[in-house]
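Hello,

The structure we discussed is below, ready for you to take over. My notes on it follow.

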Amino acid sequence: MASLLAIHIPIEVVETKSNTTEFTNTPQEDAAQTFLEGTPVQLTAGFVGAWDGTTVAAGIYGVAEEDAHNLATPGQGAPGPFGIVGFPGTGTTFGKVPNQPDAVNIPEGAPASLGYIDVAEANLDTIFTAQTDNNTGAATTPTIADIGSQFGLTVDANGYWYVDFAKVTVGTNTVVVMTGLHPIDGSIPNARILFQFTKAAMQIVI
Amino acid sequence: MSMVRGQYAQLMAPGQRKIFLQWNEMMQRELQYPAVFNIETITSMYKDELEFAGTGPMPLKPENTPLYYTRLIQGGIIRSIPLTYGLAARSSFELHDDDQYGVIQQVPKALARSQRFTEEMVAWNIINLGFSTVKSIDGVSLFNNQHPLLGGSVATSYSPGIGTIISAPGTYPNRPATDIDLSFAGIQLMTNQFQGMVDGQGLPVTYFPKSILIHFTNRFLARELLGSPGKPGTSTNEINSLLGEDLGYMISNYLTAIGAWFALCEKKYHHLKFVWRQKPKTDFDDDFDTKALKESVVARFTAVPDNWLGVWGSNGP
């Protein structure tokens, strides 16, 4: 069966080894980020942006748990000590306000933005799940024999990331290690798998 | 972080005649921000507020000519998002058990004081930061010499007598062009800016300042300026013309700049708001494995200046 789906299920946390809530953090979001929930992210000068897809050594801070907010400036609106969320409180506006160039129109229901992005940190405790695929188009069916193997991550045509079975050169293009089959998918084409980020790929090792 | 017996050796044996608990025995200040801020409660993640300007002056309709049609002007939106604040303490089972004076049992009261301080500071920082990062619905700083009016540059062209008040056509100030100290001249300037107030279309409106808000170190000066029967600081026989403005003053212990001073209309005429999402909520629980006691307080709130109308500020010189 041909592979390389056009769209994949977002990467998400499924469990932790310590049987507790996964460690999440809310670093400030970099400017002009439009990545989607489930995107691996990296810290650059303290601000979070989408992972560049190529930095495998200490390149991944975690996985975004929400869509990016397309902020005009890095960390726009992030409150300081005893502060409030800065104007305008969203990255989604439309049109112009007559005679008030700095005012904004906010569409009803526009996602609120605090200048932060919720991230499930890549660490030695948190186990994620993602769909498998192969950027060459080869069929991909994970098996129990793949547990313990390392793979890379690739973004699909719609901005979602998958575990790429074409990236298997350890230290060159791998960033995750498979820890198990998905309890529902098992060994089916493009099944989800359970994985952890490799220690080498973690930007902050805890 | 846990509190353990080794950190509190003096609590382990009886013999202390008195233990002075600062958080219980030092008198706590009354909350100050409720005297200034309008207080609201919301039940959603955020609230949005929208502004409209009305219609401009009515023009002449020459004989047998059609009416001039106009429209309302929709302004921008300001969004306020309550944030969560929380603090917790954890004490070991053994510390809780062996404390001879019940000090560790008083931890929740200390946490409550911490919560209260943050509540105050979040509110007052709307004013403290109102010259820079805190913005009003028009997208410029809360205290600004040139708030843009929705009616545009023509809005101030027909407003009678405000040419000396405004700094740029189509704008109105709630801050001096050059910041000025709390002084006789400064208060005069402030009251003039209130007196000349226009709406977004340039139609005169009434806003009377009720109180001057000052850093506590300026209270003596405020008494002289607002209480002297004669003109303050002069040896002449002029009356103190500020008395006719019927102004009072309020001090705040949470203003960060000594030189900054502010003027406020009555609460119902201005738009400084403190927004509750979740009132302080205390909680406690035992850790099953260690039997340590965890105590916490959590609250969700924010403050927001929905509009700049009815408030005025000068950041000193």
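**Notes on the model**

Val63(A) has Ala120(A) as its bridge partner in β6(A). Strands here are DSSP runs of E of at least two residues, helices are runs of H or I of at least four, and both are numbered from the N terminus. This is a predicted model, in which local features need pLDDT of at least 70 and side-chain atom pairs count only at pLDDT 80 or more, while totals for chains, interfaces and linings use all residues. Residues are numbered from 1 along each chain as its sequence is written, and chains are lettered from A and ligands numbered from 1 in the order in which they are written.

The model scores ipTM 0.89 and pTM 0.90. For chain B, the average pLDDT (the predictor's confidence in each residue, from 0 to 100) is 95, and 100% of the residues score at least 70.

**Chain A**

The Val63(A) bridge belongs to β5 (residues 62-64) and β6 (residues 119-121) of chain A, which run antiparallel and are joined by three bridges. Two strands count as paired if DSSP finds at least two bridges between them. In chain A, five strands make an open antiparallel sheet, ordered β2-β6-β5-β3-β4. Its edge strands, β2 (24-25) and β4 (47-50), each pair on one side only.

Trp51(A) sits in the loop between β4 and β5 of chain A. Is Trp51(A) buried or exposed? Trp51(A) is buried because 26 other C-beta atoms lie within 10 Å; the cut-offs are 20 or more such atoms for buried, 12 or fewer for exposed, and partly exposed in between, with C-beta atoms placed from the backbone. Beyond its neighbours within four places in sequence, Trp51(A) is in contact with Pro40(A), Val41(A), Gln42(A), Gly59(A) and Ile60(A), where contact means C-beta atoms, placed from the backbone, within 7 Å. Gln150(A) is 99 residues from Trp51(A) along the chain, and their C-alpha atoms are separated by 18 Å.

**Chain B**

Chain B has five helices and 12 strands. Strand β10 (residues 272-286) of chain B runs parallel to β1 (residues 38-41), with four bridges between them; Ile39(B) has Phe274(B) as its partner in β10(B). β10(B) also pairs with β11 (residues 293-305) of chain B, antiparallel and over 12 bridges, and there Leu272(B) is matched with Pro305(B). Six residues lie between the strands of this hairpin, in which Lys291(B) takes a positive phi near 65 degrees.

The radius of gyration of chain B is 26 Å, against near 20 Å for a compact globule of 317 residues; the value is taken over C-alpha atoms, and the globule rule is 2.2 Å times the number of residues to the power 0.38. Its C-alpha trace spans about 95 × 55 × 25 Å along the principal axes. Of the 317 residues in chain B, 36% are buried.

**Cores and interface**

A nonpolar core is a set of buried Ala, Val, Leu, Ile, Met, Phe, Trp, Tyr and Cys residues joined through C-beta atoms within 7 Å. The largest has 66 residues, of which Ala123(B), Ile126(B), Phe262(B) and Ala303(B) touch the most other members. Helix α3 (residues 107-128) of chain B gives this core its largest share, six residues. Apart from it lies another core, of 33 residues, including Phe35(A) and Trp161(A).

Ala303(B) has Ile84(A) among its contacts, along with residues of its own chain such as Phe37(B) and Phe274(B). Overall, 21 residues of chain A are in contact with 29 residues of chain B.

How values were computed. Two residues are in contact if their C-beta atoms, placed from the backbone, lie within 7 Å.
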